[in-house]
Each structure stands twice: as C-alpha cells, then as structure tokens.
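User: I would like a close look at one part of this model, the largest pocket. Please take the ligand and the backbone into account as well.

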Amino acid sequence: MTLADTDRALATMRAVSQDRPGAPDVLKVIETTRPQPGWGEILVRVHAAGVNPADWKTRERGAFPIGAKPPFILGFDVSGVVEEIGEGVTLFRPGDKVFGMPRFPHLAGAYAEYVAAPARHFAPHPQGVDHVQAAALPLASLTAWQALVDTARVRPGQRVLIHAAAGGVGHLAVQIAKARGAHVIGTAGAAKHDLLRSLGADELIDYRTRDFAEVVRDVDVVIDSIAGPYWARSLRTLRPGGTLISLLPLDDTFPHEEAEAAGVRTMFMLVEPDQAGLREISALVEDGRLRVIADAVFPLEEAAAAHTLGETGHSTGKIVLTVTP
Ligand SMILES: NC(=O)c1ccc[n+]([C@@H]2O[C@H](COP(=O)([O-])OP(=O)(O)OC[C@H]3O[C@@H](n4cnc5c(N)ncnc54)[C@H](OP(=O)(O)O)[C@@H]3O)[C@@H](O)[C@H]2O)c1
C-alpha cells in the first residue's frame with residue numbers, strides 16, 4: 001500500500017445516516033469513511049442530492065425496497081463532479097460533471113459528500129443546468145421516461161392521463177408526454193393548474209372537487225403514482241387496448257378482473273439505472289422541452305425537514321439537498 005492509498009483509506013466525509021428506522025428525526029449528521037471507487041466505478045464529489053418518496057419510505061420502514069437494515073446512508077439521486085475513476089473506466093475523467101441514480105433500488109448513499117458507484121449509472125450533466133436541478137432529475141425523470149417511452153411507447157395524438165401531475169414524477173411526465181406529441185391530462189389540486197398548463201398539460205382535473213373517472217374517457221395510457229383507490233377508477237378512463245402503468249406494486253386490492261373485462265394492459269413498473277435514458281433526458285433539457293422544478297432546497301444538515309415536507313404528499317416538483325457548496 002502506498003502513502004496515497006493509506007491517506008485515501010483513512011479519508012472521512014460528512015453524511016446523513018440513521019441507525020434505526022423511524023421518523024425524520026432519526027436522520028443524523030455523521031463523519032464516516034469516504035468510499036473508494038472499485039473497478040468500473042467512479043468516485044463522485046456530491047454537490048446536491050435529490051429527495052424522493054423512496055427515501056422516506058426506506059427511512060421509515062428500514063426494509064424498503066430491498067431489505068436494507070440501518071445503519072445506512074439514504075439518497076438515490078446524485079449530482080456532482082468526478083473526483084477519481086476506478087480501474088477500467090473510460091467514459092469519465094476527474095472534473096467531469098455527472099448526474100445519476102446509481103444502484104437503484106439498492107442504496108446509493110447520496111446524502112453524503114462522496115458516492116462511489118458504477119460509471120455507467122451516470123451521464124454527463126445537461127448543458128446549462130446547475131447541481132440542484134441535475135440532482136432533481138434522475139429518479140423522477142427516468143421513471144417518467146421509462147414508463148411513457150420505453151414501456152407504453154406513447155405516440156403522437158395519444159391521450160395520456162398522469163396522476164399527481166404536479167409531483168416529482170408527474171411534472172416531468174407531463175412534459176415528456178407532451179414532447180412525444182400526446183394530449184396530456186393531469187390530476188392536481190387547483191392551485192397547481194397554472195403551473196401545469198405552463199408545462200404543457202392540455203386538461204387538468206382538481207381531484208379534490210371532481211372525480212376524474214367521471215370526466216376523463218378514451219385514454220391510451222395512465223401513469224398512476226397514487227394507486228390503491230385510483231386503480232379501479234383509472235381503468236374506467238382507458239379505451240380497450242389501453243395501458244395502466246402503476247408506479248406502486250399491484251397488491252391484493254388490484255382489480256385484475258375489471259382490467260381483464262376492460263381489455264387493458266396493466267403493470268407495475270420500477271425505475272432502473274439507465275445511462276441511455278439520462279442522455280435522452282439531457283437532450284430534452286438542452287432543447288428547452290423539459291424543465292425540472294426544484295421547489296424546495298435544504299442544506300444536507302436539514303434532511304429531516306426535507307423529509308417532513310415530502311411526507312405531506314403535497315410538495316410541488318422536487319425537493320433537493322445541497323451537499324457541497
Ligand atoms: N415505481 C417506481 O419506479 C417509482 C418511481 C418514482 C416514484 N414512485 C412512487 O410514485 C409516487 C409519487 O412519487 P413522486 O416523487 O412523484 O411524489 P411526490 O412528488 O411526493 O408527489 C406529490 C404530489 O402528489 C400530488 N397528489 C397528492 N395526492 C394526490 C391525489 N390524490 N391525486 C392527485 N395528485 C395528488 C400532490 O398534488 P397536490 O398538492 O395538488 O395535492 C403533489 O404535487 C410515490 O409513492 C413514489 O414512491 C415509484
């Protein structure tokens with residue numbers, strides 16, 4: 001071991017960790033060992049980390065989504081700068097700005113100053129985007145992209161219904177569906193309709209005052225991030241041959257018989273790390289066709305406050321933590 005190797009092995013970093021499942025106050029700032037990039041991996045100095053519902057579900061249950069048990073460091077979305085490359089990495093060099101959702105659904109540990117993860121789980125930053133915006137993008141935009149484009153193969157003229165259209169996934173799904181030439185219908189509280197119209201939504205339903213299932217018809221694709229009581233009602237909006245993509249697993253309450261009777265395709269989709277998808281997202285951002293809204297930004301030390309806001313279920317766009325200035 002050289003002196004540089006020893007220094008590296010001893011290097012520490014600031015992170016937010018938890019030693020038990022629980023409420024937001026289990027999140028604590030700690031000093032821990034800095035990871036080192038393995039073969040095929042890059043070490044990224046994290047500037048900002050996106051916050052997602054998967055984070056607070058993992059924090060609270062400690063077992064979502066892959067049975068991980070505390071202590072662990074949360075955070076799936078990373079924006080930062082390559083600090084070091086592992087053996088065999090050819091795509092990136094130290095100093096490159098990258099963003100990604102490495103390792104999902106395994107833990108990436110983005111609430112920390114450094115993350116080491118497979119190089120191909122990252123992509124170069126879109127031009128003109130800062131770290132907060134880049135950290136807001138990966139998990140939510142890849143979910144929207146993989147659902148609408150890879151899975152449903154949305155075509156121009158198709159009618160797409162997006163639930164929770166003002167949320168992290170929803171506001172990006174509205175724009176991606178629009179960029180594919182779809183007629184976009186969204187559910188959101190009335191206060192968010194102007195914003196969603198500015199992002200390209202064609203029709204909006206205030207779910208608090210109207211039942212979307214009574215007013216929306218002949219839909220080709222539903223992206224359902226609410227699930228539960230929305231499943232059966234979403235089925236009623238679909239035309240025969242349409243597709244319902246649930247972003248939550250189809251449990252025992254899923255109305256399989258109604259889906260079969262309606263002649264529609266139904267499935268649960270889980271987002272995956274996807275460099276090609278990130279590059280498509282970047283292209284849309286650079287073309288001005290995709291604008292990520294980072295509505296609430298907190299310093300890393302205030303991760304608990306970020307979770308408390310997210311858990312209301314009524315935040316707009318994305319929540320982001322700033323890690324390194
Ligand atoms: N399967 C996957 O790969 C995958 C990937 C990403 C996310 N997800 C899941 O998808 C869900 C949404 O994620 P997200 O990041 O988009 O969440 P989010 O940003 O927390 O969603 C917040 C939005 O939901 C809206 N909302 C709340 N209740 C609603 C209702 N009954 N009808 C319509 N809109 C409603 C709110 O609008 P108002 O303020 O107007 O109420 C708010 O803007 C989470 O459960 C998450 O775990 C799954």
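How do the residues of the lining of the largest pocket divide into nonpolar, polar and charged?

Analyst: This is a predicted model. The lining of the largest pocket divides into 25 nonpolar, 13 polar and six charged residues.

Start with the pocket itself. Its volume is about 1100 Å³. The lining has 44 residues, and P53, K57, A164, V169 and S225 are the closest to the pocket centre. Four elements each give two or more residues to this lining: α2 (53–61), α4 (138–151), α5 (168–179) and β16 (318–322). The top contributor is α2, with five residues.

Where does the pocket sit? Domain 1 covers 3–137 + 293–322, and domain 2 covers 139–268. Both domains give residues to the lining, so the pocket lies between them.

Now the ligand. It is surrounded by 28 residues. The closest are K57, K192, Y207, M269 and H314. K57 is thus named twice: it is among the residues closest to the pocket centre, and it is among those closest to the ligand.

Polar contacts to the backbone come next. An oxygen atom of the ligand lies 2.8 Å from a polar backbone atom of G168. A ligand nitrogen atom is 2.8 Å from a polar backbone atom of L247. At G313, a polar backbone atom is 3.5 Å from an oxygen atom of the ligand. As for burial, the ligand taken alone exposes 940 Å². The protein buries 88% of that area.

Some backbone geometry deserves a check before you set up a calculation on this model. Two peptide bonds are listed here as cis. One joins P70 and P71, with omega about 5 degrees. P71 is in the loop between α2 and β4 (72–73). That loop involves α2, the element that gives the most to the pocket lining. The other cis bond runs from F104 to P105, with omega near 10 degrees. P105 is in the loop between β6 (97–100) and β7 (114–118).

The last backbone point is D218. This residue is not a glycine, yet its phi is positive, about 55 degrees. D218 is in the loop between α7 (212–215) and β12 (219–224).

To recap, the pocket lies between domain 1 and domain 2. Its lining has 25 nonpolar residues alongside 13 polar and six charged ones. For the ligand, the backbone of G168, L247 and G313 offers polar atoms at the distances given above.

How values were computed
Residues are numbered from 1 along each chain as its sequence is written. This is a predicted model: local features need pLDDT of at least 70, side-chain atom pairs count only at pLDDT 80 or more; totals for chains, interfaces and linings use all residues. Side-chain values use heavy atoms; hydrogens and water are left out. On a 1 Å grid over the protein atoms alone, a cavity is a set of points where a 1.4 Å probe fits but cannot get out, and a pocket is an open set with protein on both sides within 12 Å along at least five of seven lines; lining residues have an atom within 4 Å of a point. Grid points are joined across faces, edges and corners, and a volume is the space filled by probe spheres set on the points. Ala, Val, Leu, Ile, Met, Phe, Trp, Tyr, Cys and Pro count as nonpolar, Asp, Glu, Lys and Arg as charged, and the others, Gly among them, as polar. Domain bounds come from an automatic or database domain assignment. A residue is near a molecule or strand if one of its heavy atoms lies within 4 Å of it. A polar contact is a pair of N or O atoms within 3.5 Å; within protein, one must be able to donate a hydrogen and the other to accept it, and residues adjacent in sequence count only if both atoms are side-chain atoms. Accessible areas come from the Shrake-Rupley method with a 1.4 Å probe; for residues, only the protein chains shown count as cover.
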